[in-house]
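Visitor: I am new to this structure, and I would like to learn how its labels are justified. Could you take me through a few of them with care?

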Amino acid sequence: MKLRLTLAIAIAVASCSPKVKTDVYLDPSKPLEERVQDALSRMTLEEKVAITHAQSKFSSAGVPRLGIPEVWHTDGPHGIRPEVLWDEWDQAGWTNDSCTAFPALVNLAATWDRELSRLYGDCIGQEARYREKDILLGPGINMGRTPLNGRTFEYMGEDPYLAGQLVVPYIQGVQSNGVAACVKHFAMNNQEVRRTSTSSNVDDRTMYEIYLPAFEAAVKEGGAWAIMGSYNLYNNQFNCHNKRLLCDILKGEWGFDGVVVSDWGGCRDDDEAAAYGLDIEMGTWTNGLSGAASDGYSNYHLAKPYLERLRDGRASLEGLDDKASRVLRTIFRTSMGKQHFGSFNSPEHYAAARKIAAEGLVLLKNDGTLPLQIPQGGKLLVVGENAYKMMVVGGGSSNLKTKYEIIPLEALHEAFDGKASVVWERGYVGDTTTDYNKVVTGQDLSESRSAEQLLADAVASASDADCILYIGGLNKSKGQDNEGTDRADIVLPYGQDTLIEALAATGRPMVVVNISGSPVAMPWAPKVNAIVQGWYGGSESGHALVDVLTGVVNPSGKLPFTMPIALADGPLKTERQYPGIKEEGKKWWQEYYDEGVFIGHRWYSSKSIPVQYPFGHGLSYTTFDVSDVSVKRAGDGFKVSAAVKNTGSVPGAEVVQLYVSDVESSVERPVKELKGFEKVYLQPGESRKVQFTLDRRALSFFDAGSHAWVAEPGEFRALVGTSSEDIREEVPFRL
Ligand code: GLC
């Protein structure tokens, strides 16, 4: 009797306990596409539509009925943004979401180091995973067409090859943690002025040779799981639902199988959103940065209007299944994948941030004044607001709340404690903002002295200084390095040129550190002893800078963009080119990329225009010799080799760069284009051989007529050097 009763109870219990689901879509060990199709087959029309648009400021819907979680998106490329309120831009006020602030991407680009880029992606991917975010809204890789672009600091420079080579390992690093990298902003989003109402009008050759390659590498080599459509238009169609960019090129020619996410507020049209390649609509009702209509989610272009179109046949069910499949694929690759739980604020992440920041610092000039040699008991005068101002806060969507930010002044006090006195003079007043979107720095940047008094105080303090260390530049405020605005010129703001000249006139040894995310004019360069291009280095920026200034780290960074002498020297000469014009009968502003492929170093080199410091330039505390360049046939391409030797007295790294020149071509081509680079770390006296491969694509230009890459027979030249202007050897070869 007892046994029967026990058995009966056991059966009763078993029948009401939830079925252990063995459904294919729930099983991360099952093939991805089987999971996608299985889940799709179980979903209703309404559920498929729901997962194609936002449900909150930074999440899009899942399928609760099937146990498929919602998708959490997070900024940004430099660190995991603090939690915001459900439907607001403002912070949620959590106390456990302070992150590691990694260096700005332009700083990463300046390392020219693929392995550091992978390390960066892995660390930020771990932090995203730990914060349970599925799509990281970054990296940004828009080309540096104008140095005025307010978001230059968020991108990877002016060269498609450099950006392409570095974005691939970053993506792979992020995605190794089960987090999707969402590469942005696709495409030709090269300015902030009128970014939501300007059409970028570009010829095909320019687009394929300059503005698409880094995105193409991100998709084809990096395997990016997500792409963000940009705010602007291309040929007068909004990029978040641009047929040519998203359907023909991204998903057609490149075979992208991931998900296209709109920029926040970038989706602008019901019919186009349904038909032209957008998979997740985010942030609508906003201009990307300001207020939103409350709970407009059911009115999103891909919500009710989309349902109506599906029901009345104006939108296809196949199109919906394509969108839903891509969203499901992303979910199964991320939150429902086999990922671990990540890590957050680990010492390893701060160490990585410090290493990357230091490796990207660029020594532009040095007469031996660096590394700093301050006599025991001496005085180091530090001048400039950027020695003190915290830079992780601000700048737009890359704004971060970090656990800590080491400012240069703090690191200098640590380094010279007991050795020399470190005295700070502010020198000028730049940006006194100390909070952004309710993220506060806690600093007091108020100042009562006049500009004249500030300058006089700094100059007076120089009289008994063993060295003047100027730390100035730009910041993250509007009109500087800031999303949503462009700069008006590349001249340093806040009267800094006058201040620097006055300090140089004292005759004391002087080092200038320019902290910025974009090029600045340096008319005082001949008058100072050393110049370092510093970046927004994140949490460990101060330590990284002082590591280089004191020689703990030998600088090895190279400029990822040209430092022009003046803005007027650049390729954008007309309003038509930048910032765009209004034309009769056209609703949106029109911008014409008339300069074609001649941007950045392609422009300055081809037109023989002198620059302050060229693309790829960067010195070391040691010296290097590059020699024995040879070019040999290899299959239908070529192998280029060279020897590099550390001819100085301290260990260091050199970035050997390969440029290619097409001597005979039927179209006008830049005099040289970057087609290879290797960063080599060498002991004093050590030498190593570096090898580059040139395939036919590397020798080609894009022919719009035949819509193909064309490598024309004839003479080419391999130029190998340590910057775009410092070519050590040139070797001709024939195709
Ligand atoms: C912003 C930016 C984009 C960011 C998104 C979410 O407007 O353009 O880079 O990821 O909106 O904050």
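**Labels and their reasons**

Guide: Let us begin with a pair of side chains, keeping in mind that this is a predicted model: those of Arg195 and Glu483 meet in a salt bridge, with 3.1 Å from N to O.

Visitor: Why is the meeting of Arg195 and Glu483 called a salt bridge?

Guide: The label asks for a side-chain nitrogen of Lys or Arg within 4 Å of a carboxyl oxygen of Asp or Glu, and the N to O distance between Arg195 and Glu483 is 3.1 Å, so the pair qualifies as a salt bridge. Between domain 1 and domain 2 the count is three salt bridges, and there are also 18 residue pairs in polar contact, both residues at pLDDT 80 or more.

Visitor: Which parts of the protein are domain 1 and domain 2, and how much area do they bury between them?

Guide: The domain assignment gives residues 7-86 + 96-333 as domain 1 and 361-553 as domain 2, with 618-734 as domain 3. The C-alpha centres of domain 1 and domain 2 lie 37 Å apart, and the contact takes 30 residues from domain 1 and 32 residues from domain 2. Between them they bury about 2500 Å², 59% of it on carbon and sulfur atoms, and Ala101, Leu148 and Phe153 supply 24% of the area that domain 1 buries against domain 2, more than any other three residues.

Visitor: How do you know whether Gln657 is buried or exposed?

Guide: A residue is called buried under 20% relative accessible area, and Gln657 has a value of 0%, so Gln657 is buried. Its place is in strand S21, residues 652-662.

Visitor: What makes the pairing of Gln657 and Tyr659 a polar contact?

Guide: The limit for such a pair of N or O atoms is 3.5 Å, and the side chains of Gln657 and Tyr659 are joined at 2.7 Å, so the distance falls within that limit. The side chain of Gln657 also reaches the backbone oxygen of Thr722 at 3.0 Å.

Visitor: How do you know that the span of helix H5 agrees with what it should be?

Guide: At 1.5 Å a residue, the 17 residues of H5, numbered 114-130, should span 24 Å, and the end C-alpha atoms are 24 Å apart, so the two values agree. At the start of H5, a side-chain oxygen of Asp113 comes within 2.9 Å of the backbone nitrogen of Glu115, while Glu132, with a positive phi near 60 degrees, follows the helix.

How values were computed:
Residues are numbered from 1 along each chain as its sequence is written. This is a predicted model: local features need pLDDT of at least 70, side-chain atom pairs count only at pLDDT 80 or more; totals for chains, interfaces and linings use all residues. Side-chain values use heavy atoms; hydrogens and water are left out. Helices (H or I, at least four residues) and strands (E, at least two) are DSSP runs, numbered from the N terminus. The expected span of a helix is 1.5 Å times one less than its number of residues. A polar contact is a pair of N or O atoms within 3.5 Å; within protein, one must be able to donate a hydrogen and the other to accept it, and residues adjacent in sequence count only if both atoms are side-chain atoms. Buried means under 20% relative accessible area, exposed over 50%, partly exposed in between (1.4 Å probe, protein chains only). Domain bounds come from an automatic or database domain assignment. Contact means heavy atoms within 4.5 Å. Buried area is the accessible area (1.4 Å probe) that two parts lose on being put together, summed over both.
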